[in-house]
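I opened this notebook to keep track of what I looked up, going from the overall layout to the core, the pockets and two single residues.

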Amino acid sequence: MALKRMDNVGIVVEDLGGTIDFFRELGLELEGRATIEGEWAGRVTGLGDQRVEIAMMRTPDGHSRLELSRFLTPPVVADHRNAPVNALGYLRVMFAVDDIDGTLERLRTRGAQLVGEVVQYKDAYRLCYIRGPEGLLIGLAEELTERNTKTNSEE
């Protein structure tokens with residue numbers, strides 16, 4: 001048996017609507033929303049009786065998805081959203097964008113805050129981390145073309 005693909009990355013949030021709006025602004029599409037509950041769901045997660053609202057967000061190329069979840073029952077038991085980038089465990093999602101400055105400008109209207117600064121890695125990428133809705137850590141990467149590299153190095 002071969003691995004077929006990575007299906008999605010799950011993120012637990014408190015404000016599902018606001019988080020959907022943020023990721024729409026970034027460029028993801030809302031694929032669907034649903035409430036998941038029942039005995040079968042609790043058997044999968046090991047949480048027993050659970051009720052959770054989910055939203056599936058899809059990247060424009062259709063290859064990647066984020067599953068945003070808001071737990072109604074049981075309540076959330078831990079919060080590691082403010083962990084630094086060197087914390088153990090799953091930490092961030094990185095998105096490739098075509099214009100990092102324009103993307104930052106749009107996302108700031110949705111509350112995004114730059115963690116450090118936008119930096120250039122060799123002649124390959126411009127990169128940054130932002131804190132999005134509810135403090136979620138999100139990476140942005142702009143691949144540099146030869147034209148962009150000359151423009152950025154002249155600044």
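The entries below follow the order in which I looked things up.

**Entry 1: overall layout**

I began by noting that this is a predicted model. I counted 4 helices and 9 strands in the protein, and, reading from the N terminus, I wrote down the order of elements as β-α-β-α-β-β-β-α-β-β-β-β-α. For the extent of the C-alpha atoms along the principal axes I noted a box of roughly 60 × 35 × 30 Å. I then looked up burial and found that 31% of the 155 residues count as buried. Among contacts with a separation of 6 or more, 54% join residues that are 24 or more positions apart.

**Entry 2: the two domains**

I looked up the domain assignment next, which divides the protein into domain 1 (1–75) and domain 2 (89–154). Their C-alpha centres lie 24 Å apart, and on the contact list I found 14 residues of domain 1 touching 15 residues of domain 2.

**Entry 3: the largest nonpolar core**

Which residues touch the most other members of the largest nonpolar core? I found that, of its 24 residues, these are Phe 23, Leu 26, Leu 66, Leu 68, Phe 95, Ile 130 and Leu 140. The elements that contribute two or more residues are helix 1 (16–26), strand 3 (51–58), strand 4, strand 5 (93–97), helix 3 (100–108), strand 8 (125–131) and strand 9 (137–143). Helix 1 supplies the largest share, with 5 residues. I placed this core between domain 1 (1–75) and domain 2 (89–154), because both of them give residues to it. As background I noted that nonpolar side chains in soluble globular proteins tend to be buried together.

**Entry 4: Leu 26**

I followed up one of the core residues just listed, Leu 26. Setting aside neighbours within four places in sequence, I found Leu 26 in contact with Phe 95, Val 97, Thr 103, Arg 106, Leu 107 and Leu 140.

**Entry 5: the largest pocket**

I turned to the pockets and noted about 1100 Å³ of space in the largest one. It is lined by 39 residues, of which Gly 10, Ile 11, Val 12, Val 13 and His 80 are the closest to its centre. Strand 1 (9–12), helix 2 (39–45), strand 3, strand 4, strand 5 and strand 9 each give two or more residues to this lining. By class I recorded 26 nonpolar, 6 polar and 7 charged residues in the lining of the largest pocket, and both domain 1 (1–75) and domain 2 (89–154) provide at least three residues to it.

**Entry 6: the second largest pocket**

For the second largest pocket I noted about 300 Å³ of space. Of its 19 lining residues, Leu 28, Thr 59, Met 94, Phe 95 and Ala 96 are the closest to the centre. Strand 4, strand 5 and helix 3 each give two or more residues to this lining, and strand 5 has the largest share, with 5 residues. I recorded 11 nonpolar, 4 polar and 4 charged residues in the lining of the second largest pocket, which again draws at least three residues from each of domain 1 (1–75) and domain 2 (89–154).

**Entry 7: Ser 69**

Is Ser 69 buried or exposed? I located Ser 69 in strand 4 (residues 65–73), and its relative accessible area is 7%, so I entered Ser 69 as buried. Not counting residues up to four places away in sequence, Ser 69 touches Ile 11, Val 12, Val 13, Val 52, Glu 53 and Ile 54.

Methods. Residues numbered from 1 in each chain as written. Predicted model: local features only at pLDDT ≥ 70, side-chain atom pairs only at ≥ 80, totals over all residues. Heavy atoms only, no water. Buried < 20%, exposed > 50% of the residue type's maximum accessible area, 1.4 Å probe, protein only. Contact = heavy atoms within 4.5 Å. Core = buried A, V, L, I, M, F, W, Y, C linked by side-chain atoms within 4.5 Å. Domains from an automatic or database assignment. 1 Å grid on protein atoms, 1.4 Å probe; cavity = no way out; pocket = protein on both sides within 12 Å on 5 of 7 lines; lining within 4 Å. Points joined across faces, edges and corners; volume = space filled by probe spheres on them. Nonpolar A, V, L, I, M, F, W, Y, C, P; charged D, E, K, R; others polar.
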